[in-house]
Amino acid sequence: MELVTSSAVLSYFTKMEKDVANLYKNLAEKLPEYRDTFLSLAKESESNVLAVERAYYSIISDKFEACFIKTLNTDDYNIKVQMPSEIKASEVLKTVIMMEENIQKFILDAAKSISVLLPDVSWTLNRIGKKRVDRVTKLKALLSKTKE
């Protein structure tokens, strides 16, 4: 799917983060040994949505809604926010690590694409994208401790 306006990028981001939060909540139930980590990541995704919405709605006007940006194609990021078919800790962790890395790339690219039109939102997305490294690091640490 091609995203050609800032509104489209932010709608996609919001849906993606809400889906990620729900995925982590489901994984917390399926893999109770990682419950705290998954619930923490879900809460962070929900906070990310609120932060971007606050930045966006504080400065948005019709002139920004209609402006075109450098097109982002969601197919370029291979983001699959879905429950892994195999609920084996190591496979789940590998899957969500790859998902988080792809999401981070999308967020940083989205921040660049809207930076001229919406600098406050771009700054917020940049911050979220850079913090995504911490999520990947946490998940990789869990994977290294997994004995499967």
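This passage describes the fold, the buried core and the aromatic pairs of a predicted model.

The chain contains 5 helices and 2 strands, and, read from the N terminus, these elements follow one another in the order β-α-α-α-β-α-α. Of the 148 residues in the chain, 46% are buried. Among the contacts in the chain with a separation of 6 or more, 82% are made by residues that stand 24 or more positions apart. The surface exposed by the chain amounts to about 8,000 Å², and 52% of this area is supplied by carbon and sulfur atoms.

Confidence in the model was considered next. The mean pLDDT of the chain is 86, with 86% of its residues reaching 70 or more. Confidence is highest in helix 5, where the mean is 93, and lowest in helix 3 (residues 62–65), where the mean is 50. Where pLDDT is low, the predicted coordinates should not be read in detail.

The largest nonpolar core comprises 42 residues, and those with the most contacts inside it are Met16, Tyr24, Phe38, Phe106, Val121 and Leu125. At least two residues of this core come from each of helix 1, helix 2, helix 4 (89–113) and helix 5 (119–145). In soluble globular proteins, nonpolar side chains tend to be buried together. When residues up to four places away in sequence are not counted, Leu125 touches Leu10, Phe13, Val52, Ile107, Ala110, Ala111 and Ile114.

Helix 5, to which the buried residues Val121 and Leu125 belong, has 27 residues and reaches 40 Å from its first C-alpha to its last, a span close to the 39 Å expected at 1.5 Å a residue. Other buried residues of helix 5 include Ser122, Thr124, Gly129, Arg132 and Arg135, together with Ile128, Val136, Leu139 and Leu142.

Aromatic pairs were then examined, and the count comes to 3. The ring centres of Tyr24 and Phe38 lie 5.6 Å apart and their planes meet at 20°, under the 30 degrees that bounds stacking, so this pair is stacked. Because Tyr24 lies in helix 1 (residues 6–30) and Phe38 in helix 2 (residues 35–59), the pair ties together parts that are 14 residues apart in sequence. Tyr24, at 0% relative accessibility, counts as buried, and Phe38, also at 0% relative accessibility, counts as buried. The rings of Tyr34 and Phe38 have centres 6.0 Å apart and planes at 70°, over the 60 degrees required, so their pair is edge-to-face. Tyr34, like Phe38, is buried. Through ring pairs, Tyr24, Tyr34 and Phe38 are linked into a cluster.

Two further residues, one in each of the helices joined by the stacked pair, were also examined. Ser11 is found in helix 1 and counts as partly exposed because its relative accessibility is 46%, which falls between the 20% and 50% limits. From C-alpha to C-alpha, Ser11 and Val49 are 9.9 Å apart in space, although 38 residues separate them in sequence. Glu53 lies in helix 2, and its relative accessibility of 25% means that Glu53 also counts as partly exposed. Glu53 and Val121 are 68 residues apart in sequence, with a C-alpha to C-alpha distance of 8.4 Å in space; Val121 itself is buried in helix 5 and is one of the residues with the most contacts inside the largest nonpolar core.

Methods
Residues numbered from 1 in each chain as written. Predicted model: local features only at pLDDT ≥ 70, side-chain atom pairs only at ≥ 80, totals over all residues. Heavy atoms only, no water. Phe/Tyr/Trp six-rings, centres within 6.5 Å; stacked < 30°, edge-to-face > 60°. Helix = DSSP H or I, 4+ residues; strand = E, 2+ residues; numbered from the N terminus. Buried < 20%, exposed > 50% of the residue type's maximum accessible area, 1.4 Å probe, protein only. Core = buried A, V, L, I, M, F, W, Y, C linked by side-chain atoms within 4.5 Å. Contact = heavy atoms within 4.5 Å. pLDDT = per-residue confidence, 0-100. Expected span 1.5 Å × (residues − 1). Areas by Shrake-Rupley, 256 points an atom, 1.4 Å probe, with all protein chains shown as cover.
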